[in-house]
Amino acid sequence: MFKRKYSVTILDENWGKIKEDLKVTFIPRQNEMIYLGIGKYLVVTEVIHYLINGKQGIFIIVRDYLGPILAEK
């Protein structure tokens, strides 16, 4: 039916903001790779759900992917 969109904040390992209020239809799991269009892949290290004053939010903590990128054939 309807796909719910989540508003997430992408943070680096030092809790610096990479992207804020990013709309996604699914929340990535730990150790999954994501691509944000900034020229590199990122690996999800943690997903943190929080609730402050009735407002729910999600932080996704990422690190740079340093391995090889395999091209599709």
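**View 1. A nonpolar patch formed by M33, Y35 and Y41 on the surface of the predicted model.** Together, M33, Y35 and Y41 offer about 300 Å² of accessible area in this nonpolar patch, and the model that carries the patch is a predicted one. One of its members, Y35, belongs to strand β3, which covers residues 33-35. With a relative accessibility of 47%, Y35 is classed as partly exposed, because the exposed class begins over 50%.

**View 2. The whole protein, given as the setting for the remaining close-ups.** The protein contains 5 strands and 0 helices, and reading along the sequence gives the pattern β-β-β-β-β. Taken along the principal axes, the box filled by the C-alpha atoms comes to roughly 45 × 35 × 20 Å. Of the 73 residues in the protein, 23% are buried, where buried stands for a relative accessible area under 20%.

**View 3. The largest pocket, with a volume of about 210 Å³.** The lining of this pocket is made up of 13 residues, among which S7, Y50, Q56, G57 and I58 are the closest to the pocket centre. Strands β1 (6-11), β2 (17-24) and β5 (55-64) each contribute at least two residues to the lining, and the largest share, 5 residues, is supplied by β5. Sorted by character, the lining of the largest pocket consists of 5 nonpolar, 4 polar and 4 charged residues.

**View 4. The salt bridge between E20 and K17.** Side chains of opposite charge can pair when their charged atoms come close. In the pair shown here, the closest N and O atoms of K17 and E20 are 3.1 Å apart, and this contact is one of the 2 salt bridges that the structure holds. The partners fall into separate accessibility classes: E20, with a relative accessible area of 49%, is partly exposed, whereas K17, at 57% relative accessibility, counts as exposed.

**View 5. The salt bridge in which the side chains of K40 and D64 meet.** The N to O distance in this salt bridge between K40 and D64 is 3.4 Å. Because K40 is placed in the loop between β3 and β4 while D64 is part of strand β5, the pair ties together parts that are 24 residues apart in sequence. K40 is partly exposed, with a relative accessibility of 35%, and D64, at 37% relative accessibility, is likewise counted as partly exposed.

**View 6. Positive phi values at D21 and N53, neither of which is a glycine.** Most residues other than glycine have a negative phi. For D21, however, phi is positive at about 55 degrees, and D21 is located within strand β2. With 53% relative accessibility, D21 counts as exposed, because the limit for that class is over 50%. The second residue in this view, N53, has a positive phi near 50 degrees, and N53 sits in the loop between β4 (41-52) and β5. N53 is also exposed, its relative accessible area being 80%.

Definitions and conventions. Residues are numbered from 1 along each chain as its sequence is written. This is a predicted model: local features need pLDDT of at least 70, side-chain atom pairs count only at pLDDT 80 or more; totals for chains, interfaces and linings use all residues. Side-chain values use heavy atoms; hydrogens and water are left out. On a 1 Å grid over the protein atoms alone, a cavity is a set of points where a 1.4 Å probe fits but cannot get out, and a pocket is an open set with protein on both sides within 12 Å along at least five of seven lines; lining residues have an atom within 4 Å of a point. Grid points are joined across faces, edges and corners, and a volume is the space filled by probe spheres set on the points. Helices (H or I, at least four residues) and strands (E, at least two) are DSSP runs, numbered from the N terminus. Ala, Val, Leu, Ile, Met, Phe, Trp, Tyr, Cys and Pro count as nonpolar, Asp, Glu, Lys and Arg as charged, and the others, Gly among them, as polar. Patches are made of residues with over 30% relative accessible area and no salt bridge: like charges are joined within 9 Å, nonpolar side chains (Val, Leu, Ile, Met, Phe, Trp, Tyr) within 5 Å. Accessible areas come from the Shrake-Rupley method with a 1.4 Å probe; for residues, only the protein chains shown count as cover. A salt bridge is a side-chain nitrogen of Lys or Arg within 4 Å of a carboxyl oxygen of Asp or Glu. Buried means under 20% relative accessible area, exposed over 50%, partly exposed in between (1.4 Å probe, protein chains only).
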